[in-house]
Structure formats: structure tokens, C-alpha cells
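Okay, thanks for having me, everyone. Let me put the structure up, and then we'll walk through it together.

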Amino acid sequence: MNYHFQWAPVWRAFPDLLPGLIMTLELTLLSFVLGSVIAFVLAWGKSSSSRSAKGICVAWIEIARNTPCLFQIYMAYFGLGALGVDVNSFYAVLGAITFNTAGYLAEVIRGGIDGVDPRQYRAGTALGMNRRQTFSRIILPQLVPLILPGAGNQLIWSLLNTSLGMVVGLQELTGATYTAQSLTFRSFEFFIATAIIYYVLAKLVTLMLYGAARLYGGKRRVQA
Amino acid sequence: MNSVPLFSGLQPNDLLYLLQGAGHTLWLALWAIVLGTVLGFLMGWLRSVSKIGNGLIVILVDVSRSVPLLIQLIVVNAAFAAFRFPLSPFLCSSVVLTLYMASFCSEIYKGGFESVPQNLQKAARSLGMSYLQAFVSVTAPIMLRRTFASWIGIVLGVLKDTSLAAVIGYIELLRGSQIIVTRTQEPLLVLLIVGVFYFLLCYPIARLGAKVEKGLSQ
């Protein structure tokens, strides 16, 4: 029980971790933004009357939700590679996490849409608004506070999921940590430091969400 | 002397190997889910009755939700090794996944316990039940019923997260498939088999959860 912590190598390697940190942030934000856009399409497609559109959207949502994210990353990296599509690890991880996020967010959005009374569309029509106006002025402002807690949790999940990039050799925060610790074998100290960085990032996201929730007057508490 | 080809195709043996990997996945998930639920139940109860207990457990819950599971596995593995008490990959991943499951469970169970009306417990006590009797036959059943759908959600998460145990050397389904891919160089086929397995495992459970949720809300 006498382990001597040595933090000096961690401090020295810190500048090497910074590009990894930036890549993690890039991956998180890009996958979340792209995933949100796709999620709206999926949520809309799931209630579409076209059978094929509905089939594709349901399949996307169910596969994204019922297989491990790591499997999805392997599929994007090794699976697509086998098909002759050459993707580097950054785009493979970005694609897989976007795929994953879109599937989960689609369900969050659908839940939010179900939470808004459909009679409001007719009320909007009665007031002389067209469908687009009703959606953007009446439905969407009510949707935002309903979706916000779920979407916030999903943003944190996206952040945590980017750490899987290490497994396909991506030099994001976890991958960069792995490379850095392999020079000194101080893996314990290095990964504790990285855990703290992730913790702080997740807390920052939560704080931002509190701010957003206050801005929109959402009553439900953001979790995590 | 015959030369041995560098890469060989997919053989029946490989399917057996994948099946073994699937067994490892299920075995790890089973331990994590059972132990995690029991521990989460105790933690959830403690959190609902004691402010100090809640304050202490919240730290664990907070960390396990804000740090990637991958890093949790590596840190705990390194910690046991650093203190000269190395665990087998299976034991180490069970410990981490159990704590992970328990902290998520404690969150829903805490809310569940607090959602059971005080009046019901008082009524049970006034019928002459002891605290334990009222807890076992009134509070806990209502709480477990109300939280069942959320619990299914956590179980699904843990089932899928067993795939991360590969990073500390536990050869479960996904890691096993990678080993076969290295030899056969047929990633697409092998990965598809693995994907279908996970899907067939998770999808029915997800459907059950959705059904229960719908049934309870009506």
C-alpha cells in the first residue's frame, strides 16, 4: 500500500494533451449539432405517412439505441473500410457518434412533440397562420423547454462517448492521454488527470444548460 | 511441408468463439446488473432517508456520470495494480460496472422512494406493521413498480457498456470479434453478426420497457 504518486510527468505532458482536448470539444460539438439536425428529420420521418421514409427512420433510431456505441465506431471505421470507403479515424468517430446522438435525440424530440397539444395546430390555423408559422411561433417555443433536459443529457453523453475514439487510435483527449502515458507508464496519474478534465467539462456543460433552461424559463431540472 | 496461409477464412470454430464471447458479455452484464441493482436499492433508500448519506453518495453518482466509463475502467484497473492488488479483467470490470449501475439505480430509486406518499406508510404503520413490514410490503413494491421502466433503461445501458470492458483485457463479444477480424480480415461480416446479436438482445428489452411505461401512464 505504498504507491508514490509522481505528477511531474503529467504536468510536463500537459501541452501534448491540449490538442486532444480541442479535438474532443470539436467532436462533441460537431456531432451534437449534426445529430440534432438529423434527429429533427428522423422524428419527423417516424410520423411520416410514407412507408419507406418511416422504415428508414425507425431502423436508424432502433439500431442507434440498441447497439453499443463502440460497435458503431468499429462499424464506421473497419466496416466501411471493408466496403472500400476509406475513412480516417476522426471522421469514423464523428460519423458514429453523430449516428448515435441522432437516434437518441430523435426520441427526445418526439417525446417533446407528443407533449405539446396537437389542437394548437388547428388553433393556429384558425388564427390565420400557416403550418410553418404555427410551428415556429407556437409549437417550437413550447418544445424547447420540454426538450432541453433530455438534449442536455445527450450532449454530456456525446462528450463522454468521444472517449471511445481512443480504441480506433484517434488522438482525442483519451487517446492523447494514452499516448502520453505510454512514454512514462504513469498511467494511474495520467488517467486521473484526464478524468478530472472530463469531469470539469461535463460540469461546464451542465452549467450552460442551467443557463439555457433559465433563459427559456424551463421548469424541469436538468440532470447530471 | 505445407505453408500455412497468413489469413484464413471464417470457420465454424469462429462462430463458437463468438458465442463464447457473447457468453462472457452476458455473464459480466448479469453480475453487474444484479449486484448493481441491490447496491443501488440500498443507496437509494439511504439517500431518501439521510441527508448525510445522500451527500456522500451524490459524490459517487456525480463522478460516475461525468467521467467516461472507459476512463473509470482504466483508473480503477490502474489503482488496484498500483496498490499491489491486481484484479482479473473480469473482476475489475464487474466492480466498475456494478458501481456504475448502482449509482444510476440509486438516482431513480431515491426519486421512487420519495414519490411514495407518506400517508400510505403511515396507514401501514397504523395497521400495526413495523417499519420493516411496511417497507417490504408497501413502500418497496410501489417504488419498484414506478421505477421499473427507468430501471430497464439503465439495464440496457449497462448491457451495451459491457463492450468497454475490452480495454482492460476482458474478452467479451466485441473484443472477441476483433480477434477474429484480425485473422480473417473480414470485418464487415463478423461485425454484422455481432451487431445482430446486440440488437436481438437489447431490442426486446427496450420494447418491454416501452410497453411497461405506456401501461403505467394509462
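**Starting from one helix**

Let's begin with H2 of chain B: what covers its buried residues includes H8 of chain A, along with helix H1 (12-49) and helix H4 (89-115) of chain B. Before going on, keep in mind that this is a predicted model.

So which residues of H2(B) are buried? They are B:Ile57, B:Val61, B:Arg65 and B:Ser66. The helix itself runs over residues 51-66, which makes 16 residues. From its first C-alpha to its last, H2 of chain B reaches 22 Å, close to the 22 Å expected at 1.5 Å a residue.

Now, we've just met H8 of chain A, and that takes us to where the two chains touch. Here, 34 residues of chain A are in contact with 29 residues of chain B. On the chain A side, the elements giving two or more residues are helix H2 (51-66), helix H3 (69-82) and helix H8 (187-215) of chain A. Which one gives the most? That's H8(A), with 10 residues. If you sort that side of chain A by residue type, you get 23 nonpolar, eight polar and three charged.

Next, have a look at B:Val181, which you'll find in helix H7 (residues 173-184) of chain B. Why does B:Val181 count as buried? Because B:Val181 has 22 C-beta neighbours inside 10 Å, and the cut-off for buried is 20 or more. Setting aside neighbours within four places in sequence, B:Val181 is in contact with A:Phe78, B:Glu186, B:Pro187 and B:Val190. Here's a nice one for folding in general: B:Val181 and B:Leu10 are 171 residues apart in sequence, but 9.0 Å apart in space, C-alpha to C-alpha.

On to the core. The largest nonpolar core has 114 residues, and A:Ile73, B:Met101 and B:Val158 touch the most other members. Take B:Val158: leaving out neighbours within four places in sequence, its contacts are B:Ala29, B:Ala32, B:Ile33, B:Leu97, B:Tyr100 and B:Met101.

Last thing, confidence. Chain A averages a pLDDT of 88, with 96% of its residues scoring at least 70. For chain B the mean is 91, and 96% of the residues reach 70 or more. For the complex, the predictor gives an ipTM of 0.88 and a pTM of 0.88.

And where should we be careful? Over residues 218-224 of chain A, pLDDT stays under 50, although the model has 17 contacts there beyond four places in sequence. Where pLDDT is low, the predicted coordinates shouldn't be read in detail.

Definitions and conventions. Residues are numbered from 1 along each chain as its sequence is written. Chains are lettered from A and ligands numbered from 1 in the order in which they are written. This is a predicted model: local features need pLDDT of at least 70, side-chain atom pairs count only at pLDDT 80 or more; totals for chains, interfaces and linings use all residues. Two residues are in contact if their C-beta atoms, placed from the backbone, lie within 7 Å. Helices (H or I, at least four residues) and strands (E, at least two) are DSSP runs, numbered from the N terminus. Ala, Val, Leu, Ile, Met, Phe, Trp, Tyr, Cys and Pro count as nonpolar, Asp, Glu, Lys and Arg as charged, and the others, Gly among them, as polar. pLDDT is the predictor's confidence in each residue, from 0 to 100. The expected span of a helix is 1.5 Å times one less than its number of residues. A residue is buried if 20 or more other C-beta atoms lie within 10 Å of its own, exposed if 12 or fewer, and partly exposed in between; C-beta atoms are placed from the backbone. A nonpolar core is a set of buried Ala, Val, Leu, Ile, Met, Phe, Trp, Tyr and Cys residues joined through C-beta atoms within 7 Å.
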